[in-house]
Amino acid sequence: MRGIRLCGSGAAVPATRLSNDALSQRVETSDEWIRSRTGIGERRVAAEGETLTSLAAAAGAQALQNAGWEPSSLDLILLATSSPDDLFGSAPKVQAVLGAERAVAFDLTAACSGFLFALVTAAQYLRSGAMQRVLVIGADQLSSWVDWSDRRTCVLFGDGAGAVAVEATGDADALLGFRMASDGRRGENLTLSQQPQRQELLPGISAQQGGFSTIAMNGQEVYKFAAREVPAILQQLLDDTSTSPSELDWLLLHQANQRILDAVGERLGMAAEKVLSNLAHYGNTSAATIPLMLHEAVSDGRISSGDLIATSGFGAGLSWGAALLRWDGPTS
Ligand code: ACO
């Protein structure tokens with residue numbers, strides 16, 4: 001069986017920072033409340049002219065540069081996002097911006113699990129021999145979909161994008177194992193759903209007019225879901241691969257909430273400094289959190305070649321998953 005290699009990472013965030021203090025001028029909250037409950041200090045918000053496509057393309061271009069790849073060498077661009085600029089898909093627009101004319105490009109929607117699911121999907125094309133080079137991007141612009149008057153949700157989310165260049169190899173495999181799961185029965189705990197708005201076309205015939213409501217979340221249920229399912233799926237993955245937590249160099253979880261990161265790290269018996277976190281700077285950027293965090297830790301030299309990383313994405317759907325990765329790309 002062929003394997004995959006993670007060859008380079010990239011990231012992009014909007015320039016505009018929105019601090020907790022600034023946000024507390026808009027909704028009744030405080031820096032102390034947000035930091036103590038979530039670990040978030042500020043988030044980035046896309047300015048006029050900044051789009052999901054521009055963020056995703058910038059992250060993707062950086063990953064290509066770090067991998068030393070020409071855009072024309074790509075076979076596939078897989079864009080994990082729940083907030084495309086266009087419901088028909090933003091990946092082809094990213095392809096056009098990058099000039100990756102040979103690549104097929106499509107979106108994959110799985111909320112905060114999106115990047116992990118996309119990476120595993122990419123690996124299948126690579127392992128089968130169907131493709132040689134894939135750019136996997138996780139990007140979200142949830143600032144467009146947050147109710148900015150709802151303090152229970154608006155403090156959590158931010159905009160950003162991250163990307164990884166992944167290649168088929170004949171030798172060692174960077175994806176040592178994975179698991180993925182969904183449970184639509186619990187999906188109502190976190191939604192960004194269509195707004196019921198019928199328009200009458202003709203007597204007796206009506207159609208649903210497009211349009212979405214804002215993010216709705218039952219925070220406590222989502223917390224319980226994450227605190228239960230994430231350690232469980234990580235433990236299953238470690239069992240599958242006969243790996244002990246002590247062998248892991250890093251735990252790279254979806255950045256939703258510092259309390260979730262701490263709880264999962266403790267359940268696995270990981271030292272706090274091995275649990276990567278950049279929540280303080282970006283909040284929850286949904287599909288972008290994992291590649292954004294990966295790129296940061298690779299760029300600042302924390303993650304180095306050969307490091308073993310357990311990663312887990314989880315969120316709306318509900319959906320969750322875990323993968324055991326060996327970083328083999330260039331390091332700073
Ligand atoms: N500032 C001040 N007070 C607030 C805020 C805020 N931003 N938000 C809620 N409160 C108040 C509530 O109104 C409530 O007040 P009340 O008791 O007078 O009604 C009180 O704080 C407690 O509210 P809870 O919802 O019980 O707060 P909780 O301790 O559960 O913390 C939180 C909320 C941080 C959202 C928590 O439930 C959580 O982390 N859940 C996980 C959800 C998550 O991470 N979602 C991210 C998206 S999904 C994903 O990526 C997995």
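User: Where does A111 lie?
Analyst: Keep in mind that we're looking at a predicted model. In it, A111 belongs to neither of two neighbouring elements, strand 5 (104-108) and helix 5. A111 lies in the loop between strand 5 and helix 5.

User: And is A111 buried or exposed?
Analyst: The cut-off for buried is under 20% relative accessible area. A111 comes in at 14% relative accessibility, so it counts as buried.

User: Which residue with a positive phi follows helix 7?
Analyst: Most residues other than glycine have a negative phi, so a positive one is worth a look. The residue here has a phi of about 50 degrees although it is not a glycine. It sits in the loop between helix 7 and strand 13 (250-253), and it is exposed, with a relative accessible area of 66%. The residue is S242.

User: How far apart are the end C-alpha atoms of helix 7?
Analyst: Helix 7 runs over residues 219-240, which makes 22 residues. At 1.5 Å a residue it should span 32 Å. The distance in the model agrees with that, at 31 Å.

User: What type of aromatic pair do W145 and F212 form?
Analyst: The ring centres of W145 and F212 are 5.9 Å apart, with 80 degrees between the planes. Planes over 60 degrees apart count as edge-to-face, so W145 and F212 are edge-to-face.

User: How many residues apart in sequence are the parts that W145 and F212 tie together?
Analyst: W145 is in the loop between strand 6 (133-141) and helix 6 (151-154), while F212 is in the loop between strand 11 (205-208) and strand 12 (216-217). Both rings are partly exposed, W145 with a relative accessible area of 25% and F212 at 33%. The pair therefore ties together parts whose separation in sequence is 67 residues.

User: What type of pair do F225 and W320 form?
Analyst: F225 lies in helix 7 and W320 in strand 15 (residues 319-326), so this pair ties together parts that are 95 residues apart in sequence. F225 is buried at 2% relative accessible area, and W320 is buried at 8%. Their ring centres are 5.4 Å apart with planes at 75 degrees, so the pair is edge-to-face.

User: Which residue lies over the face of Y223?
Analyst: A charge sits over a ring if, among other things, CZ of Arg is within 6 Å of the ring centre. Here the distance from the ring centre of Y223 is 5.5 Å, and the residue is R259.

User: Which element gives the most to the lining of the largest pocket?
Analyst: That pocket has a volume of about 690 Å³, and among the residues closest to its centre are R152 and M217. Elements that give two or more residues to the lining include helix 2 (31-38), helix 8 (258-268) and strand 14 (308-315). With seven residues, the top contributor is helix 7.

User: How many charged residues are in the lining of the largest cavity?
Analyst: The largest cavity holds about 50 Å³ of space, and L6, F115 and T311 are among the residues that line it. The lining divides into eight nonpolar residues and one polar. The charged count is: no charged residues.

User: Which residues does a cis peptide bond join?
Analyst: Most peptide bonds are trans. In this one omega is about -10 degrees. One partner lies in the loop between strand 14 and strand 15. The residues are G317 and L318.

Key:
Residues numbered from 1 in each chain as written. Predicted model: local features only at pLDDT ≥ 70, side-chain atom pairs only at ≥ 80, totals over all residues. Heavy atoms only, no water. Helix = DSSP H or I, 4+ residues; strand = E, 2+ residues; numbered from the N terminus. Expected span 1.5 Å × (residues − 1). Phe/Tyr/Trp six-rings, centres within 6.5 Å; stacked < 30°, edge-to-face > 60°. Buried < 20%, exposed > 50% of the residue type's maximum accessible area, 1.4 Å probe, protein only. Lys NZ or Arg CZ within 6 Å of the ring centre and 35° of its normal. 1 Å grid on protein atoms, 1.4 Å probe; cavity = no way out; pocket = protein on both sides within 12 Å on 5 of 7 lines; lining within 4 Å. Points joined across faces, edges and corners; volume = space filled by probe spheres on them. Nonpolar A, V, L, I, M, F, W, Y, C, P; charged D, E, K, R; others polar.
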